[in-house]
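Thank you all for making the time this morning. I would like to walk you through one chain, beginning with how far we can trust it and then moving to a few residues and pairs.

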Amino acid sequence: MLAQRPLGKDGRARVDWQRADLRDMRLRSRFAPNTADLPDQRYLPFSFADLSNADLRRSAFEGVDLHGALCSGANMAFTYFSNVNLQDVIMNAVDLSHATLNEANLRGADLENAILVNTKLTRADLSHANLRNADLEEANLSGANLHLADLTGADLTGVDLTGANLDQARGVPAALLKR
């Protein structure tokens with residue numbers, strides 16, 4: 001019963017999904033109208049959920065609020081994210097290879113040691129994100145906002161930074177800044 005679960009920072013019951021096998025799962029919110037009787041439910045609430053070490057390969061998250069979720073060590077390879085709030089999410093050593101996160105809100109996300117090989121992050125907001133030692137080989141970051149992001153030690157081999165905002169980003173090799 002959710003009522004007996006510990007509460008997250010948002011006051012909602014916290015569900016522990018650690019080590020869960022959720023491969024091929026589809027999470028989608030219904031967009032309820034904003035009326036006096038129904039609060040605006042733009043996102044399916046999953047904020048502050050613990051998904052560490054969960055297997056979420058080939059899953060889809062559409063209209064889901066994962067704000068502040070703990071996803072360290074999770075396998076999210078080939079996962080699709082659309083209209084998802086990933087602000088302040090903790091994704092240390094997560095596998096997001098071949099995932100799609102176009103236009104995702106990853107502001108302040110902790111992606112240290114994350115695997116982001118061939119990941120689509122077009123127009124994603126990665127401002128203030130920690131991408132230290134992340135593997136971004138062949139990732140598409142075109143149009144992404146990397147303002148004040150930390151890319152120290154990240155593998156940026158073949159990364160597409162066309163039109164990306166690198167203002168005050170740390171750890172970006174000078175050769176990439178000249179592109």
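Let me start with a term, because pLDDT is the predictor's confidence in each residue, on a scale from 0 to 100. We need that term straight away, since what you have in front of you is a predicted model, and over residues 1–5 the pLDDT stays under 50. For that stretch the model has 4 contacts beyond four places in sequence. The pLDDT is also below 50 over residues 30–41, a stretch with 11 contacts in the model beyond near neighbours in sequence. For the chain as a whole, the mean pLDDT is 84, and 74% of the residues reach 70 or more. If we go by elements, confidence is lowest in strand E1, residues 26–28, with a mean of 65, and it is highest in E5, with a mean of 92.

Now to the overall layout. The secondary structure of the chain comes to 1 helix and 5 strands, and when you read along the sequence the pattern is β-β-β-β-β-α. Of the 179 residues in the chain, 44% are buried, while the chain exposes about 9,100 Å², of which carbon and sulfur atoms supply 47%. If we take the contacts with a separation of 6 or more, residues 24 or more positions apart account for 14% of them.

Let us look inside next. Which residues touch the most other members of the largest nonpolar core? That core has 49 residues, and the ones in question are Leu66, Leu86, Leu96 and Leu136. To take one of these, Leu136 is in contact, leaving aside neighbours within four places in sequence, with several other leucines, including Leu116, Leu121, Leu141, Leu151 and Leu156, and its partners also include Ala154, Asp155, Thr157 and Val159.

Leu86 comes up again when we turn to Ala109, which is found in the loop between E5 and H1 and counts as buried, at 0% relative accessibility. Beyond four places in sequence, Ala109 touches Leu86, Asp88, Val89, Ala129 and Asn130. Ala109 and Gly68 are 41 residues apart in sequence, and from C-alpha to C-alpha they are 8.3 Å apart in space.

Ala124 is found in the loop between E5 and H1, and its relative accessible area is 0%, so it is buried. Outside the residues up to four places away in sequence, Ala124 touches Leu101, Glu103, Ala104, Ala144 and Asn145. Please keep Glu103 in mind, as I will come back to it shortly.

Before that, a word on Thr79, whose place is in the loop between strand E4, residues 64–65, and E5. Is Thr79 buried or exposed? Thr79 counts as buried, at 0% relative accessibility. A polar atom of the Thr79 side chain lies 2.8 Å from the backbone oxygen of Leu56, and among the residues that Thr79 touches, near neighbours in sequence not counted, are Leu56, Arg57, Phe61 and Ala99.

That brings us to charged pairs. How many salt bridges does the structure hold? The structure holds 5 of them. In one, Arg57, which we just met beside Thr79, pairs with Asp55, and the closest N and O atoms are 2.4 Å apart. Here Arg57 counts as partly exposed because its relative accessibility is 26%, whereas Asp55, with a relative accessible area of 14%, is buried.

In another, the side chains of Arg123 and Glu103 meet at 2.8 Å, N to O. Both residues lie in the loop between E5 and H1, so the pair ties together parts that are 20 residues apart in sequence. Glu103 counts as exposed, at 53% relative accessibility.

A further salt bridge joins the side chains of Arg170 and Asp150, at 4.0 Å, N to O. Arg170 and Asp150 each lie in the loop between E5 and H1, and so this pair ties together parts that are 20 residues apart in sequence. Arg170 is partly exposed, with a relative accessible area of 42%, but Asp150 counts as buried, at 7%. These two also belong to a network of salt bridges that links Glu112, Arg132, Asp150 and Arg170.

Methods:
Residues numbered from 1 in each chain as written. Predicted model: local features only at pLDDT ≥ 70, side-chain atom pairs only at ≥ 80, totals over all residues. Heavy atoms only, no water. Buried < 20%, exposed > 50% of the residue type's maximum accessible area, 1.4 Å probe, protein only. Helix = DSSP H or I, 4+ residues; strand = E, 2+ residues; numbered from the N terminus. Contact = heavy atoms within 4.5 Å. Polar contact = N/O pair within 3.5 Å; in protein donor to acceptor, adjacent residues only side chain to side chain. Areas by Shrake-Rupley, 256 points an atom, 1.4 Å probe, with all protein chains shown as cover. Core = buried A, V, L, I, M, F, W, Y, C linked by side-chain atoms within 4.5 Å.
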